[in-house]
Amino acid sequence: MKPDQGILSLFSGIAGIELGLAQAGLTNTTAFYESWAPAQDVLSTRFPDVSLHGDIVSLKNLHGATLVTAGFPCTDLSQAGRAQGLDGTASGLIRQVLALLQSGRPEWLLLENVPNMLHLGSGRAMAEIVTALETAGYDWAYRVMDSRSFGLPQRRRRVYLLASRVHDPAAVLFRSDRPSLRADGGATGAWSDAFGFYWTEGNRGIGWAVDALPALKGSTSVSIPSSPAAWLRSTEPGLRLVRPSIEAAERLQGLPAGWTGPAPIRDRWKLVGNAVSAPAARWIGEGLIEMPDSRLVEDLERRRLPPGSPWPFAAHRRGSTTWRVEISEWPKQPRGQYRHLSSLLRRYGAEPLSYRATKGFRDRLAGSKLRYSGDFMRDLNEHVALAAN
Ligand SMILES: C[S@@+](CC[C@H](N)C(=O)[O-])C[C@H]1O[C@@H](n2cnc3c(N)ncnc32)[C@H](O)[C@@H]1O
């Protein structure tokens with residue numbers, strides 16, 4: 001893809017995708033479609049020259065774009081969501097985009113969503129999306145990628161699906177593989193002075209992450225979504241259990257600090273939690289410009305994926321064959337470029353976890369069957385005691 005070719009951004013949010021693409025050199029975003037006023041505030045301030053449209057329902061064609069991006073709503077696809085798949089009113093909006101491919105015929109389409117999209121309803125949503133792509137004459141490839149691979153101290157696993165009718169999208173998405181060298185999936189070079197945790201993953205676990213936070217999430221309610229917390233075990237008592245500031249959260253997504261400043265403060269957490277990590281989009285953009293030789297795909301470890309099989313974490317379709325690809329969620333090894341959680345929080349701010357949040361967390365953890373370290377519980381108890389005074 002050439003730097004001056006047009007990009008149409010759908011479900012734009014705060015443009016994590018388009019910021020990352022611009023950093024790669026793909027700067028020609030020509031229009032945004034975003035219906036939520038706080039996100040529109042950010043878009044109109046950060047991209048004053050790009051035309052801004054509202055509800056996707058008003059989208060009648062794909063604006064002659066070369067690349068269409070859509071990090072579409074996960075509300076009906078995520079584990080914590082309504083689980084209606086593409087029959088849900090929010091996630092189902094992607095059907096409108098897929099229907100327009102027949103007439104709009106962009107060269108490229110980039111979709112992003114949560115990994116649960118692969119599993120929900122035996123993979124029905126995913127099957128519907130790729131069938132629509134194939135019918136419109138597109139090859140496709142997808143890969144689950146972890147934001148830590150791009151140097152961010154946030155364990156954020158997301159599905160990135162790239163489709164094209166002119167090139168092999170698999171060559172872009174599978175062009176490199178640098179599996180994490182640690183058994184716990186932590187980044188190589190991660191420090192063990194900070195750990196992320198919270199009940200962001202239901203009751204199954206506490207989201208434990210070494211030198212990273214578990215994924216930041218938007219919320220479906222109007223209340224301020226609660227961010228995950230960090231345990232800074234070498235810090236002084238009272239400051240060992242903290243929550244990131246909103247600026248730190250923006251940096252955890254690879255956005256400039258203050259990026260969502262134009263939006264009302266109560267909405268900034270949701271905007272950041274909903275966003276695509278900009279460095280992940282940048283890596284994809286670099287691949288679109290570089291356009292690697294599609295023969296590299298033949299050297300990948302891959303097997304035919306029979307129709308109806310469960311969706312693996314990476315797969316692609318070329319011509320009439322679908323392949324399962326054995327590849328990690330780490331396209332890059334961040335070695336040397338990993339932003340350590342403790343230094344990010346020091347630089348961009350964190351506040352002590354409140355008495356209520358710490359006590360609530362501790363009580364629930366103590367009453368669970370989950371395993372945890374004695375040092376962690378000791379610091380939770382100490383923080384509760386200090387915060388109570
Ligand atoms: C997952 S977020 C996208 C995040 C975005 N890729 C980013 O990096 O910030 C989905 C977005 O779709 C928007 N949205 C939901 N329904 C919409 C509609 N009918 N028309 C336009 N935008 C919509 C939401 O307000 C939300 O900002």
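# Close-up views of a predicted model

**View 1. Strand E4 is covered on both faces.** In strand E4 (residues 67-70), Leu67 and Thr69 on one side and Val68 and Ala70 on the other are all buried. That fits a general pattern: in a regular strand the side chains alternate between the two faces of the sheet. Keep in mind as you look around that this is a predicted model. E4 pairs with E1 in the parallel sense, over four bridges. E4 and E5 also pair in the parallel sense, again over four bridges. If you want one residue pair to look for here, try Ala70, whose bridge partner in E5 is Leu111.

**View 2. Ser9 sits in strand E1.** Here we zoom in on Ser9, found in strand E1 (residues 7-10). Is Ser9 buried or exposed? Ser9 counts as buried, because it has 28 C-beta neighbours inside 10 Å, and 20 or more is what it takes to be called buried. Its bridge partner in E4 is Thr69. Leaving out residues up to four places away in sequence, Ser9 touches Ala15, Ile17, Glu18, Thr29, Ala31, Phe32, Tyr33 and Thr69. Another residue to find in this view is Leu62: it is 53 residues from Ser9 along the chain, yet their C-alpha atoms are separated by 9.7 Å.

**View 3. Strand E8 has pairing partners in E5 and E6.** Strand E8 (residues 157-164) is largely enclosed by the rest of the structure, because seven of its eight residues are buried. Strand E5 (residues 108-113) runs antiparallel to E8 and is joined to it by six bridges. In that pairing, Asn113 stands opposite Val159 in E8. Strand E6 (residues 139-146) runs antiparallel to E8 too, with eight bridges joining them. There, look for Arg143, whose bridge partner in E8 is Tyr160.

**View 4. The largest nonpolar core holds 111 residues.** The members that touch the most others are Trp140, Tyr160, Leu162, Ala230 and Ile284. Helix H4 (residues 116-135) gives this core its largest share, seven residues. Where does the core lie? It lies between domain 1 (7-179 + 276-325) and domain 2 (194-274 + 335-388), because both of them give residues to it. In general, nonpolar side chains tend to be buried together in soluble globular proteins. Closing in on Trp140, and setting aside its neighbours within four places in sequence, you'll find it in contact with Val130, Leu133, Leu161, Leu162, Ala163, Pro169, His316 and Arg317.

**View 5. Domain 1 meets domain 2.** The protein chain is divided into these two domains, and their centres, taken over C-alpha atoms, are separated by 28 Å. How many residues make contact across the divide? On the domain 1 side there are 23, in contact with 27 residues of domain 2. Helix H1 (16-24), helix H2 (37-46), strand E7 (154-155) and helix H8 (278-290) each supply at least two residues of the side of domain 1 that touches domain 2. The largest share of that side, six residues, comes from H2. By type, that side of domain 1 divides into 10 nonpolar, eight polar and five charged residues.

**View 6. Five strands form an open sheet.** Follow the strands across in the order E11-E9-E13-E14-E18, and you'll see that the pairing is antiparallel. At the edges are strand E11 (209-210) and strand E18 (350-352), each pairing on one side only. Strand E9 (residues 194-197) pairs with E11 over two bridges. Within that pairing, Phe195 stands opposite Val210 in E11.

**View 7. The ligand has a shell of 23 residues.** Which residues come closest to the ligand? They are Phe11, Gly13, Gly16, Trp36 and Gly71. The shell as a whole is made up of 15 nonpolar, six polar and two charged residues.

**View 8. Arg105 and Ser122 have a positive phi.** Most residues other than glycine have a negative phi. Arg105 has a positive phi of about 45 degrees although it is not a glycine. You'll find Arg105 in the loop between helix H3 (94-104) and E5, where it counts as partly exposed because it has 15 C-beta neighbours inside 10 Å. Ser122, not a glycine either, has a positive phi of about 55 degrees. Ser122 lies in helix H4 and counts as exposed, because it has 11 C-beta neighbours inside 10 Å.

Technical notes
Residues are numbered from 1 along each chain as its sequence is written. This is a predicted model: local features need pLDDT of at least 70, side-chain atom pairs count only at pLDDT 80 or more; totals for chains, interfaces and linings use all residues. A residue is near a molecule or strand if its C-beta atom, placed from the backbone, lies within 6 Å of it. Ala, Val, Leu, Ile, Met, Phe, Trp, Tyr, Cys and Pro count as nonpolar, Asp, Glu, Lys and Arg as charged, and the others, Gly among them, as polar. A nonpolar core is a set of buried Ala, Val, Leu, Ile, Met, Phe, Trp, Tyr and Cys residues joined through C-beta atoms within 7 Å. A residue is buried if 20 or more other C-beta atoms lie within 10 Å of its own, exposed if 12 or fewer, and partly exposed in between; C-beta atoms are placed from the backbone. Domain bounds come from an automatic or database domain assignment. Two residues are in contact if their C-beta atoms, placed from the backbone, lie within 7 Å. Two strands pair if DSSP finds at least two bridges between them.
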